[in-house]
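Okay, everyone, thanks for coming. I'll put the structure up and then walk you through a few parts of it.

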Amino acid sequence: IVGGSPTTVKSYPYMANMQYGWLGTAFQQACGGALITRDAVLSAAHCFVGDPVPWWRVRLGTSERSSGGVIHNVVKIIIHPHYDIKPSEADVAIVRLTTKAVYSSTIAAVRIAGAYYHINDGTPITAIGWGQLEVGGVSPNQLQHVQLDVINLELCAERYAFLKTRPGFSDWPDVTPGMMCAGVLDVGGKDACQGDSGGPVTQITNNGHVVVGVTSWGYRCADPIYPGVVTRVSSYSNWIVAFAEEKL
Ligand code: 4AZ
């Protein structure tokens, strides 16, 4: 997270620390996620492509990058069938846990945006994670959060369409309706960044938190011209619910 501030899991008890361990050793935080049922975590497909289930585990109920909370093992990772390589379309995955989480003041599931959930341009939304504090910078030990604005999708798509005309960027993804752009328009300075991928982007309402996005991709981080791009949860909520509740 760039331009944010430290927070704790008590404010975001659904925050999941997705840890990857090469050959099952030395697990390290690699992505974020959101607990959406007692045994299902919503995250990004690009975090998991090519990596077998035993190399992942999930730490719930911690504000720390590599300690605290409760470790859950993974039984199944389900990648959206429309996800295609390069962080692009349908960058969403469900990670199922071997055991049901025990809810507490630091562990609880969160609501996700339904299929008809509409969010206006300019709405404040919050990105959360342990990702880099600046492009190529360090990753913090303490969980961070930052408030962003929903940025007009057509404008965001135009900006990334221009980027694709630049040398070396022709194979970058298009911004499509299954995505949402978030940042501070023409100012930048606030964004998700590498390591925040898969983590929740949340609208905080009077009725509680609603996950509206999954951190997905972007050009650098916190750039004034190029906002961060997140998977639009409402575009995939029927699939998400089906596989979060699938009997295993
Ligand atoms: C990444 O590399 C990444 N600025 C995630 C989010 C953003 C950029 C990069 C958004 O995982």
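So, to start: is Val 41 buried or exposed? Val 41 is buried, because 28 other C-beta atoms lie within 10 Å of its own, and 20 or more is what it takes to be called buried. Before I go on, please keep in mind that this is a predicted model. The chain averages a pLDDT of 96, and 98% of the residues score at least 70. For the complex, the predictor gives an ipTM of 0.89 and a pTM of 0.97.

Back to Val 41. You'll find Val 41 in strand E4, which covers residues 40-43. What does Val 41 touch, if we leave aside its neighbours within four places in sequence? The list is Ala 16, Gly 33, Ala 34, Leu 35, Val 58, Val 95 and Leu 97. There's also a pair to look at with Tyr 14: Tyr 14 and Val 41 are 27 residues apart in sequence, yet from C-alpha to C-alpha they are 8.8 Å apart in space.

Now E4 as a whole. Ala 40 and Leu 42 point one way from the strand, Val 41 and Ser 43 point the other way, and all of them are buried. That's the pattern you'd look for, since side chains in a regular strand alternate between the two faces of the sheet.

Which strands does E4 pair with? On one side of the story there's E3, residues 28-37, which runs antiparallel to E4 and is joined to it by 3 bridges. A hairpin links E3 to E4 through 2 residues, and Ala 34 has Leu 42 as its bridge partner in E4. Then there's E7, which pairs with E4 in the antiparallel sense over 4 bridges. Leu 42 turns up again here, with Ile 94 as its bridge partner in E7.

Leu 42 deserves a moment of its own. Not counting residues up to four places away in sequence, Leu 42 touches Gly 33, Ala 34, Ile 36, Ile 94, Ile 112, Val 211, Val 214 and Ile 240. So which residues have the most contacts inside the largest nonpolar core? They are Ala 34, Val 41, Leu 42 and Ala 182, in a core of 68 residues. As a general point, nonpolar side chains tend to be buried together in soluble globular proteins.

Let's move along the chain to strand E9, residues 124-129. E9 is mostly covered, with 5 of its 6 residues buried. Its antiparallel partner E10, residues 144-151, is joined to it by 6 bridges, and one of the matched pairs there is Ala 127 with Val 146. E9 also pairs with E12, residues 200-205, again antiparallel, over 2 bridges. In E12, Thr 202 stands opposite Thr 126, and Val 201 stands opposite Ala 127.

From E12 we can step on to E13. Those two form a hairpin with 2 residues between them, and they pair in the antiparallel sense over 6 bridges. Pro 200 has Val 214 as its bridge partner in E13, and that's the Val 214 we just met among the contacts of Leu 42.

Okay, the ligand. What surrounds it? The shell is made of Asp 191, Ala 192, Cys 193, Gln 194, Asp 196, Ser 197, Thr 215, Trp 217, Gly 218, Cys 221 and Gly 228. By character, that's 4 nonpolar, 5 polar and 2 charged residues.

Last stop, a couple of backbone oddities. Ala 90 isn't a glycine, and still its phi is positive, about 55 degrees. Ala 90 is in the loop between strands E6 and E7, and it counts as buried because 20 other C-beta atoms lie within 10 Å.

Arg 220 is the other one: phi is near 50 degrees, a positive value in a residue other than glycine. Where is Arg 220? In the loop between E13 and E14. Arg 220 is partly exposed, with 16 other C-beta atoms within 10 Å.

That's my tour, so over to you for comments.

Definitions and conventions
Residues are numbered from 1 along each chain as its sequence is written. This is a predicted model: local features need pLDDT of at least 70, side-chain atom pairs count only at pLDDT 80 or more; totals for chains, interfaces and linings use all residues. A nonpolar core is a set of buried Ala, Val, Leu, Ile, Met, Phe, Trp, Tyr and Cys residues joined through C-beta atoms within 7 Å. A residue is buried if 20 or more other C-beta atoms lie within 10 Å of its own, exposed if 12 or fewer, and partly exposed in between; C-beta atoms are placed from the backbone. Two residues are in contact if their C-beta atoms, placed from the backbone, lie within 7 Å. A residue is near a molecule or strand if its C-beta atom, placed from the backbone, lies within 6 Å of it. Ala, Val, Leu, Ile, Met, Phe, Trp, Tyr, Cys and Pro count as nonpolar, Asp, Glu, Lys and Arg as charged, and the others, Gly among them, as polar. Two strands pair if DSSP finds at least two bridges between them. pLDDT is the predictor's confidence in each residue, from 0 to 100.
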